[in-house]
Structure formats: C-alpha cells, structure tokens
Protein chains: 2
Amino acid sequence: MIGLFRLVESPVNQTDILQALIAKNLVSDPNGARGRLLKEAARLFRDKGYERTTVRDLAAAVGIQSGSLFHHFRTKEEILKAVMVETIRLNTALMQAAADAAHSARQKLRALVRAELESINGQTGEAMAVLVFEWRSLSDTSQAEVLELREIYEGLWINVLKSLQDEGALAADPFVVRRMLTGALSWTVTWYKPERGGLTLDGLTDEVMAMMALKND
Amino acid sequence: MIGLFRLVESPVNQTDILQALIAKNLVSDPNGARGRLLKEAARLFRDKGYERTTVRDLAAAVGIQSGSLFHHFRTKEEILKAVMVETIRLNTALMQAAADAAHSARQKLRALVRAELESINGQTGEAMAVLVFEWRSLSDTSQAEVLELREIYEGLWINVLKSLQDEGALAADPFVVRRMLTGALSWTVTWYKPERGGLTLDGLTDEVMAMMALKND
DNA sequence: GTCTATAGATGGATAGAC
DNA sequence: GTCTATCCATCTATAGAC
C-alpha cells in the first residue's frame, strides 16, 4: 500500500520528470532548436573533446552555418556550460526520484548507483562524460556556478551514505566512498558496452554493490 | 628471513628502479633536457589540457624558444606520446616491484593499490592524470602503441585479482573490479590533497581496502 | 533566424643564421 | 642546439544583407 501511495506522490517516470523540467524552463526541449544543438554538442564534445570541436562542427551537426550559432549562444563556452547545467539539473531530479522510490538506505544506495550508471551509459551519457572530462575547459566563473548545482546532486549521495554509516553498515568514510564511486561509475563510460558483452545495467549494478563492503548482508 | 632475502633479490627502492630504466634508455633522465621537458609537459597538459597548451608554453617552461622544441620532437603530439609511454614504463616497473615484495594475494592487492595511489598523487601524478584525461588527444596509431604497454601493466592487476578470486575472497568479476579501481583511484587526483586533510596515503589505501568486500577478513 | 564574408587572433611547424 | 622570423592554416566571433 505504501508503495502505491508513493508512486502517486512522486512519479519516477523519467519522461514525466523531463517534461516537468522543460515546463519550468530548467532544461531545453530536446525537440527544439536549442535542445537539439545541446544534444549534438554533448556528443561532439565527448567524442573529440571541447577544444577540438569547432563552432563549424557544431553548426554542421544541426545543419546551419557557423555564424548562425551566435544568434543562440554568445560564445562557444556558453554552449559547454549549458550542456553541463542542464545535465546536472535533469540528473538531480532523476536521482532524487530514484532515491525516493526506495525504502531502505541500502535500497536507496542501489537505486542511486543504478540511476547514475544509467545516466552515464544511457541517453545522457555523452553529457555526463563531458561533465567529467571537459571540466577544465570551463572558465573559473562558470565552474563556480556549475559547482553550486553539483553540490545539491552530491548531497543526495552523502545523505544516503551517512544513513548507512549510522546503521553500522558502512565501514569507510561517506565522503571518501562517494568520491570513489564517482570515479568508478564515471569510468564505466570508457569500457562498458552493453551491446557487446552479456553484462546488463542491472548486472553491472550488482557487481558494484557486491564490490562494496556493506556489512550484515 | 624470507623478507630479507627478497629485499636483496628484488630491490623495491624506487630510485634504483628509475636508474635501471634510465640505463636501459626506457625512460629519460629527469635531469636531462628531454626529461625536464617531459616533466614540464606533463604538468602543463594536466593543468591546462593538451589542446590548450601551446608549443610556446612548453618551450617557455624549459626556457627555450618554440622553434627549438622541434629539434627534440618532430610534432607536439610526439611529446604527449612520450609522456604517456615513459609513465607507463616506469609505473609498470614500480608496480611489479611492489607486488613482488608482498607475500599473500591480499597483501599484493594492497601493495598495488598503495603504489598506484602513490603514482597518481605523488611525483608521477601529473603524467598519470594526462594518461587518463588526454587519451583522446592521442592519434589512433599512437593509442594502439601505448595500449600495448598498458596491457602489461593491467596484467599485473588481473593476476592478483584472479588469485583472490581463486581463494574465494573476491565475489565480483576481476576485470570489472580492476576497471572500477582504475576509475576510483584515478579520480583521487581531482580531490585528494594530502597536505590539507588528515588523510595520509596509507590511510587512503585503508579506506579503499575497507570499501572492497574481501571475504574472510 | 539564417546566410555570406571576413575581421582579427593564434596555433603548429619550417628555414636558415649563428 | 638555440635563435629569429615567418609561413600558412585554422579558429572564434562579428557585420550586415535577406
């Protein structure tokens, strides 16, 4: 009964969450001109790197000339920043919903791991990789701005890890564990190819949880 | 007695290992012109990224003009490749020695974790970060070449992890675990500041080992 | 809102003197 | 082996027509 109630209370449907953010103008509609450009930009930045991607590449990817880009964005860096900001906003909402839908601290951790793996290796994968590998290409002022959003996101993890620590299930420091997980999960983007091997996203999540020393399992 | 014998048999002294590699012309003498340039290049590539680092930056770092650089290296990319190749060669030797000096599979794993953390956060830290974050800037042919060296290095890890699996101490897949560790340990370069916090390198190693679910502890 | 055209700056790499 | 000088390609961003 509680499960049903919670479903009504907080929808975990990813499409619903995306639509709600679009309605509030927090992320761009993927079908709009701006949204399509950001999607292509994320792909190019991940594949070639921000510096090696030219404004001509970006323009060509959406079928316009390079000069026309600057009607939508004032600088190339503004595009990078928009990719990062919208990605964090969307994923914070997705992770929040995933954690809310789980009931125990242990299940919440699994939900967060599962959701982050999905973000990294699924539809927002390009943008998540950009967030990790192109961070230095962002100007100092933009970095500070994006960092503020990132801290909300990280807070979700720390809360859950602290609960586990309070339960006596986690031996290591929550902040250290989160940072280890950030590295381990981000790195999957360089090797995890679901189509090739037999390892599913749930299987990968199992491996991560199996690797972690949660007591009283 | 065995401990003493092994010390004589395989020296784990880092300076000795470096000197041996220099003698075989496998890595450059850090005091020579080439070695000093590679050291500065690693620092610049890590701080600004390969693309944002100009040949003028590189030349200025060692006190020469940009044109003079091309007497030592034919292209800028050749410098990046040299940084990576020499780093892997040195660290493979260091890790091999660290693993050899330990006696149980569990102790060997700890020694590898400790040694890689030291590589990432110590003297070769800049170069190790370059290996992770500037991989895409290497041409396809160079990538293939460096990858061959990297596989020897990775083999050290897989051997130890497979031993642990055979002992029944490791629940997760050795290849997956190594990849998780690669990400987690590499990522420490973005947050671990030994001078600031109270966490020593040994303390950090303990946290990593505590996080991993090795059975029969 | 997209186009063409181009300004203005900076990059990697070369040539030849010393 | 390092210097000065410079070529030439390429990049971001702007200007103004449509």
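**Notes on the protein–DNA model**

1. A good place to start is the backbone of chain A: a polar backbone atom of A:Val55 sits 2.9 Å from a phosphate oxygen of DNA strand D. This is a polar contact, that is, a pair of N or O atoms within 3.5 Å; within protein, one must be able to donate a hydrogen and the other to accept it, and residues adjacent in sequence count only if both atoms are side-chain atoms. A:Lys76 also uses its backbone, placing an N or O atom 2.8 Å from a phosphate oxygen of DNA strand D. From chain B, a polar side-chain atom of B:His72 is 2.7 Å from a phosphate oxygen of this strand.

2. Some housekeeping before going further: the model is predicted, local features need pLDDT of at least 70, side-chain atom pairs count only at pLDDT 80 or more, and totals for chains, interfaces and linings use all residues. Residues are numbered from 1 along each chain as its sequence is written, chains are lettered from A and ligands numbered from 1 in the order in which they are written, and side-chain values use heavy atoms, with hydrogens and water left out.

3. Which residues come nearest to DNA strand D? They are A:Arg56, A:Lys76, B:Gln65, B:Ser68 and B:His72, out of 13 around the strand. Of the atoms of DNA strand D that come within 4 Å of the protein, 63% are sugar and phosphate. The surface near this strand holds three nonpolar, eight polar and two charged residues. Near means that a heavy atom of the residue lies within 4 Å of the strand. In these classes, Ala, Val, Leu, Ile, Met, Phe, Trp, Tyr, Cys and Pro are nonpolar, Asp, Glu, Lys and Arg are charged, and the others, Gly among them, are polar.

4. Now for DNA strand C. It is surrounded by 13 residues, with A:Gln65, A:Ser68, A:His72, B:Val55 and B:Lys76 the closest. By class, the surface here has three nonpolar, eight polar and two charged residues. Sugar or phosphate supplies 64% of the strand C atoms within 4 Å of the protein, and bases supply the rest.

5. The individual contacts to DNA strand C are worth a look too. The side chain of A:His72 has an N or O atom 2.8 Å from a phosphate oxygen, and the side chain of B:Lys76 likewise has one 2.8 Å from a phosphate oxygen. B:Arg56 reaches a base: a polar side-chain atom lies 3.2 Å from a base oxygen of the strand.

6. On annotation, an unreviewed UniProt entry lists residues 54-73 of chain A as "DNA-binding region". In the model, this span is 55% helix and 0% strand, and its end C-alpha atoms are 14 Å apart. Helices (H or I, at least four residues) and strands (E, at least two) are DSSP runs, numbered from the N terminus.

7. Turning to the interior, the largest nonpolar core has 129 residues, and A:Ile79, A:Leu109, A:Trp157, B:Ile79, B:Leu109 and B:Trp157 touch the most other members. Helix H6 (residues 76-101) of chain B gives the largest share, ten residues. Such a core is a set of buried Ala, Val, Leu, Ile, Met, Phe, Trp, Tyr and Cys residues joined through side-chain atoms within 4.5 Å. Buried means under 20% relative accessible area, exposed over 50%, and partly exposed in between (1.4 Å probe, protein chains only).

8. Two buried glutamates caught my eye. B:Glu116, in helix H7 (residues 105-121) of chain B, has a relative accessible area of 3%. Beyond its neighbours within four places in sequence, B:Glu116 is in contact (heavy atoms within 4.5 Å) with B:Met95, B:Met128, B:Tyr153, B:Trp157, B:Arg178 and B:Leu185. A:Glu126, in helix H8 (residues 125-133) of chain A, is buried at 17%. Leaving aside those within four places in sequence, A:Glu126 is in contact with A:Lys39, A:Ala42, A:Arg43 and A:Arg46.

9. B:Val177, in helix H10 (residues 174-187) of chain B, is buried with a relative accessible area of 0%. Apart from neighbours within four places in sequence, its contacts include A:Met211 of the other chain, along with B:Leu161 and B:Met212.

10. Finally, please look at A:Asn25, which has a positive phi of about 65° although it is not a glycine. A:Asn25 lies in the loop between helix H2 (14-23) and helix H3 (33-48) of chain A and is exposed at 68%. In chain B, B:Asn25 has a positive phi of about 60° and is exposed at 69%.

How values were computed
UniProt positions are given in the numbering used here, feature names are shortened, and annotations may be inferred rather than shown by experiment.
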